[in-house]
Amino acid sequence: WEFNGSFYQPSAFLMMGIPGLEALHPWISIPFCALYLTALLGNCVILFIISTTPSLHEPMYYFLSMLALTDLGLALCTLPTTLGLLWFNARSIAFDACLTQMYFIHILSFIESSVLLAMAFDRFVAISHPLRHAAILTGRTVLKIGLAIVLRGTVSLLPIPFLLKRLTYCGRTELSHSFCFHPDIMNLACADIKVNVFYGMIILLSTVGMDFVFIVLSYVLIVRTVVSLTTKEECLKALNTCVSHICAVLLFFIPMVGLSMIHRFGRNVPPLVNTLVAYTYLIIPPALNPVIYSIKSTHIREALLRTLCRKRG
């Protein structure tokens, strides 16, 4: 295909599976199915347990419900195209469908970042101001925080699909993943993409970047409070309530930063590394978050056991 300078948009993009391992896609789909099944069942169980257990109707578990809903959305966004490619080699995705998938993947990623920040704030208030925790984080306040999180993600990313639709493309239609990602689509364009790069970086730094900074600040303040506690047992008890959240933060932010850096600066990174980081970012956190919280949270574990015992009885 020869570009002649006229405006051109492909009717569809071609998605990429695991580079160099295309012949093994049916076998590779087995662990992917296990991860997706864990993500769907685990987050649904978390939501069911919290909704049906009155003792869990507290800010910490409301935010955990938001995290579970976000993880469900992320898993459902990538599941059809990833398993379709691995099972049936269905590589094609329509241009508008790709932009829609990209928009929701990025929205849900930004929402997850904000929810993790809200959970950090909840832990800070619970440890630093335990007597005022219920008064500060009322049900109405938690609802307002949730609505603000969704609104921020939706509005801040709204221009992205339109910025991509205004570009002309060179005829190259092969994406780097089995899902649509903004930098991936952007790099297929022939036109000047400085606006896309600048806007993407500004939004990333002002949302996810700021969220991470405030999460770190929250834990600095938490550590200051914990150090001032009189006994070692009190210190360990306070820190133990944060372990699950710290794991969720690391699971989300490390691969997200890695993937962003690879797409923007890692032109010499092997395609297989790029692919593995992308799947780690979008599939591992939704699958492992409910497992981590079920293991570390005594209240969720006890509520789950009570529910299972009732059903057996």
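In this tour, Ala, Val, Leu, Ile, Met, Phe, Trp, Tyr, Cys and Pro are counted as nonpolar, Asp, Glu, Lys and Arg as charged, and the others, Gly among them, as polar. The structure on display is a predicted model.

**First stop: the largest cavity**

Select H106, F110, H182, L204 and R264. Of the 16 residues that line the largest cavity, these lie nearest its centre. The enclosed space amounts to about 180 Å³, and the model has three cavities of 30 Å³ or more. By class, the lining of the largest cavity comprises ten nonpolar, five polar and one charged residues.

Next, colour the elements around this space. Those that give two or more residues to the lining of the largest cavity are α3 (95–128), α7 (182–186), α8 (194–227) and α10 (243–265). Which element supplies the largest share of that lining? Select α10, which contributes four residues.

**Second stop: the second largest cavity**

Clear the selection and choose M60, M119, D122, R123, T241, H245 and Y293, the residues that line the second largest cavity. About 50 Å³ of space lies within the second largest cavity. Its lining divides into three nonpolar, two polar and two charged residues. Here the largest share, three residues, comes from α3.

**Third stop: α2 against α3**

Keep α3 on display and add α2, residues 59–88. The axes of α2 and α3 come within 9 Å and cross at roughly 160°. Since an angle over 145 degrees counts as roughly antiparallel, α2 is therefore roughly antiparallel to α3. The crossing of α2 with α3 is left-handed. In the contact between α2 and α3, 16 residues are nonpolar, six are polar and four are charged.

**Fourth stop: α2 against α12**

Hold α2 in view and select α12, residues 284–296. The axes of α2 and α12 cross at roughly 150° and come within 9 Å. How are α2 and α12 oriented to each other? They are roughly antiparallel, because their angle falls over the cut-off of 145 degrees. α2 and α12 also cross in a left-handed sense.

To see the contact itself, show the side chains of L64, L67, D71, L74 and A75 in α2, which meet P285, P286, N289 and Y293 in α12. By class, this contact of α2 with α12 holds seven nonpolar, one polar and one charged residues. Y293 has appeared on this tour before, as one of the residues lining the second largest cavity.

**Last stop: α1 against α12**

Leave α12 displayed and bring in α1, residues 25–52. The axes of α1 and α12 lie 8 Å apart, and the two helices pack at an angle of about 45°. That angle makes α1 oblique to α12. The crossing of α1 past α12 is left-handed.

On the α1 side, select L35, T38, A39, G42, N43 and I46; on the α12 side, select I284, P286, A287, P290, V291 and S294. Together, these residues make the contact of α1 with α12. How many charged residues does the contact of α1 with α12 have? It has none, the classes being eight nonpolar and four polar. Finally, return to P286 of α12, a residue that takes part in the contact with α1 and also in the contact with α2.

Technical notes:
Residues numbered from 1 in each chain as written. Predicted model: local features only at pLDDT ≥ 70, side-chain atom pairs only at ≥ 80, totals over all residues. Heavy atoms only, no water. Axes fitted to C-alpha atoms, helices over the stretch in contact; angles between N-to-C directions. Parallel < 35°, antiparallel > 145°, perpendicular 65-115°, else oblique. Left-handed = near helix turned anticlockwise from the far one by under 90°. Contact = heavy atoms within 4.5 Å. 1 Å grid on protein atoms, 1.4 Å probe; cavity = no way out; pocket = protein on both sides within 12 Å on 5 of 7 lines; lining within 4 Å. Points joined across faces, edges and corners; volume = space filled by probe spheres on them.
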